[in-house]
Amino acid sequence: MSNIPPPETLRVDTLRVHCDGAGDISPALGHPRVYYHIDDNGYVECKYCDRRFVLKGGPADQEDAA
């Protein structure tokens, strides 16, 4: 069994998001800034770091389903 934590999930209010891999680390240690558009599935994943952006209230938002 792997001890690797699951990728980070961020709930957002907009369909257009960007990711540079920064978070708890310095942006200088992240990856190039990339822009994504959340599709009809209600989420998009960063191709570099696998961070998932979920649209609040969208079809993939599990927090609203509870």
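Buried means under 20% relative accessible area, exposed means over 50%, and partly exposed lies in between (1.4 Å probe, protein chains only). The model is predicted: local features need pLDDT of at least 70, side-chain atom pairs count only at pLDDT 80 or more, and totals for chains, interfaces and linings use all residues. Residues are numbered from 1 along each chain as its sequence is written, and side-chain values use heavy atoms, with hydrogens and water left out.

**Exercise 1.** Classify both partners of the D20–R33 salt bridge by burial, and place them in the chain.

Solution.
- Start with the contact. A salt bridge needs a side-chain nitrogen of Lys or Arg within 4 Å of a carboxyl oxygen of Asp or Glu. D20 and R33 qualify at 3.6 Å, N to O.
- Take D20. Its relative accessible area is 18%, so D20 is buried.
- Take R33. Its value is 46%, so R33 is partly exposed.
- Now place them. Strands are DSSP runs of E, at least two residues; helices are runs of H or I, at least four; both are numbered from the N terminus. D20 and R33 both lie in the loop between β2 (16-19) and β3 (34-37), so the pair ties together parts 13 residues apart in sequence.

**Exercise 2.** Find which parts of the chain the R51–E8 salt bridge links.

Solution.
- The side chains of R51 and E8 meet at 3.0 Å, N to O.
- R51 sits in the loop between β4 (43-45) and β5 (52-55), and E8 in the segment before β1 (9-12). The two are 43 residues apart, and the pair links distant parts of the chain.
- R51 is buried at 10% relative accessible area. E8 is partly exposed at 41%.

**Exercise 3.** Repeat the analysis for R11 and D61.

Solution.
- The closest N and O atoms of this salt bridge are 2.9 Å apart.
- R11 belongs to strand β1, while D61 is in the loop between β5 and α1 (62-65). They are 50 residues apart.
- R11 is partly exposed at 30%. D61 is buried at 5%.
- For the wider tally, the count comes to 5 salt bridges.

**Exercise 4.** State how β5 pairs with β1 and with β4.

Solution.
- Two strands pair if DSSP finds at least two bridges between them.
- β1 and β5 run parallel, joined by 4 bridges. V12 stands opposite L55 in β5.
- β4 and β5 are antiparallel, over 3 bridges. V44 has F53 in β5 as its bridge partner.
- Finish with the hairpin of β4 and β5. It has 6 residues between the strands, and D50 takes a positive phi near 65 degrees.
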